[in-house]
Amino acid sequence: AKTSGNLKKLFLLLLNGNRDETSAEFERAKNQAKELYDAGEGRLGTDKQTFNRIFSTESFEHLRQIFKEYKVKTN
């Protein structure tokens, strides 16, 4: 299968292996949940670079905290 565009960019970022494997940081996760909201739901169009950056560089534990904070923010 052939990929291109934003999906290809995300895959390349993930393959670079720049994921931070430290534990979740509550305050930073809260800020990043707001960043994701502002990059997607909070605007017209989507800032895909913000999603790619956060999803490809944060630890899985930290991403889970971001998702919890996002859920709280968006009810």
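**Notebook: Ser59, helix H4 and the core**

I started at Ser59 and found a polar atom of its side chain 3.0 Å from the backbone nitrogen of His62. The model I am reading is a predicted one, so I looked up the confidence before going on. The protein chain has an average pLDDT of 89, and 99% of the residues reach at least 70. Among the elements, I noted the lowest mean pLDDT, 85, for helix H1 (residues 5-15), and the highest, 96, for helix H2 (residues 26-39).

**Entry: Ser59**

I placed Ser59 in the loop between helix H3 (48-57) and H4. Is Ser59 buried or exposed? I have it down as buried, because its relative accessibility is 3% and the cut-off for buried is under 20%. I then listed what Ser59 touches, leaving aside neighbours within four places in sequence: Arg19, Asp20, Glu21 and Thr22.

**Entry: helix H4**

I checked the length of H4 next. This helix has 15 residues, and I get 21 Å from its first C-alpha to its last, close to the 21 Å expected at 1.5 Å a residue. Which residues of H4 are buried? I wrote down His62, Leu63, Gln65, Ile66 and Glu69. These buried residues sit on the same side of H4, because they cover an arc of only 160° around the axis. I recalled the general rule: an α-helix has 3.6 residues a turn, so residues three or four places apart point the same way.

On the face of H4 turned away from the buried side I found the exposed residues Arg64, Lys68 and Lys71. I also asked what covers the buried residues of H4. The cover includes H2 and H3. Just after H4, I noted that Asn75 has a positive phi of about 60°.

**Entry: the largest nonpolar core**

Which residues make up the largest nonpolar core? I count six residues in this core: Ala29, Ala33, Leu36, Ile54, Leu63 and Ile66. At least two of them come from H2, and at least two from helix H4 (60-74). H2 gives the most, with three residues. For background, nonpolar side chains tend to be buried together in soluble globular proteins.

I followed Ala29, one of the core residues, to its contacts. Not counting residues up to four places away in sequence, Ala29 touches His62, Gln65, Ile66 and Glu69. I had already listed these four contacts among the buried residues of H4.

**Entry: Leu7**

I moved to helix H1, where Leu7 lies. Leu7 has a relative accessible area of 42%, so I entered this residue as partly exposed. I also took the distance from Leu7 to Gly45: 16 Å from C-alpha to C-alpha, with their places 38 residues apart in sequence.

**Entry: the whole chain**

Last, I looked at the protein chain as a whole. I count four helices and zero strands, in the pattern α-α-α-α along the sequence. The C-alpha trace spans about 35 × 35 × 15 Å along its principal axes. Of the 75 residues in the protein chain, 25% are buried. I also looked at contacts with a separation of 6 or more: residues 24 or more positions apart account for 70% of them.

Conventions
Residues numbered from 1 in each chain as written. Predicted model: local features only at pLDDT ≥ 70, side-chain atom pairs only at ≥ 80, totals over all residues. Heavy atoms only, no water. pLDDT = per-residue confidence, 0-100. Core = buried A, V, L, I, M, F, W, Y, C linked by side-chain atoms within 4.5 Å. Buried < 20%, exposed > 50% of the residue type's maximum accessible area, 1.4 Å probe, protein only. Contact = heavy atoms within 4.5 Å. Polar contact = N/O pair within 3.5 Å; in protein donor to acceptor, adjacent residues only side chain to side chain. Expected span 1.5 Å × (residues − 1). Arc of directions from axis to C-beta.
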